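Student: Could you take me closely through one part of this model, and tell me how that part sits among its surroundings?

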Amino acid sequence: MASTTTLLFDFGGTLDDDGRPWLDRFEPLWRAAGVTAPPEALARAFYDADDALPRRHDLGDAGLEETVRLQCADTAEVLMPGRPEAARTVAEGFLADSRRMLRRNGPMLDRLRSRYRLGIVSNFYGNLEAVLASEGLRHLFGAVADSERVGAQKPDAALFRWALERLGTAPAETLMVGDS
């Protein structure tokens, strides 16, 4: 049996939280902002904004803050039209919580990096490297497999192979840490 040399992480819900996907974290914030839509409608607005984000906006070098603000603004257009302040409030709450968790997890990742090759495999918008850089974490990862950039989404093995090739490691030596 091969020993573990490599750790791959998901980003959203894993590094920026303790296992809660973004929708699960956003929903109570939207409710506190006054959204009364049924859960299915809130989820649909969130996922529609999420899926369209890289097509609606030039994310280029957008960091975490700009990405979250755009996602919230697009979601608010459906859930709370004419209420941009609600989108700002939701974004601020989400960002504060995410940044607290990223600050907490940074030292752990730094310690792990001394023993393992680290990478990220995430269904993201094409700007995950910029998000990591904006939060001071990019240097910790030898590979960042962002689905929008790689052209494959989890659970497609191609996304994982892309990361492993860049890290120079084999699947048998790798563990994946994610929120689902």
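Tutor: What follows is a close look at one helix, with a shorter look at a pocket and at one residue afterwards.

This is a predicted model, and the part I have chosen is helix α7, which spans residues 157–167. Within this helix L159, A163, L164 and L167 are buried, and, seen down the axis of α7, its buried residues fall within an arc of 130°, so they line one face of the helix. The partners against which these buried residues pack are the strands β1 (6–9), β2 (117–122), β3 (143–146) and β4 (174–177), together with the helix α6 (147–150). At the N-terminal end of α7, D156 acts as the cap, with a side-chain oxygen 2.8 Å from the backbone nitrogen of A158, whereas the residue that follows the helix is G168, whose phi is positive, near 65°.

One of the packing partners of α7, helix α6, leads on to the largest pocket, since α6, α1 (22–32) and α2 (39–56) are the elements that give two or more residues to its lining. That pocket holds about 640 Å³ of space, and, of its 23 lining residues, Y47, D50, S122, N123 and F124 are the closest to its centre. The most is given by α2, with six residues, and by class the lining has nine nonpolar, seven polar and seven charged residues.

D50 is also touched by Q71, a residue of helix α3 (64–79) that is buried, with a relative accessible area of 0%; the other residues that Q71 touches, leaving aside those up to four places away in sequence, are F26, F46, A49, L53 and Y125.

Terms used: Residues are numbered from 1 along each chain as its sequence is written. This is a predicted model: local features need pLDDT of at least 70, side-chain atom pairs count only at pLDDT 80 or more; totals for chains, interfaces and linings use all residues. Side-chain values use heavy atoms; hydrogens and water are left out. Buried means under 20% relative accessible area, exposed over 50%, partly exposed in between (1.4 Å probe, protein chains only). Helices (H or I, at least four residues) and strands (E, at least two) are DSSP runs, numbered from the N terminus. The arc is that of the directions from the helix axis to the C-beta atoms. Contact means heavy atoms within 4.5 Å. A polar contact is a pair of N or O atoms within 3.5 Å; within protein, one must be able to donate a hydrogen and the other to accept it, and residues adjacent in sequence count only if both atoms are side-chain atoms. On a 1 Å grid over the protein atoms alone, a cavity is a set of points where a 1.4 Å probe fits but cannot get out, and a pocket is an open set with protein on both sides within 12 Å along at least five of seven lines; lining residues have an atom within 4 Å of a point. Grid points are joined across faces, edges and corners, and a volume is the space filled by probe spheres set on the points. Ala, Val, Leu, Ile, Met, Phe, Trp, Tyr, Cys and Pro count as nonpolar, Asp, Glu, Lys and Arg as charged, and the others, Gly among them, as polar.
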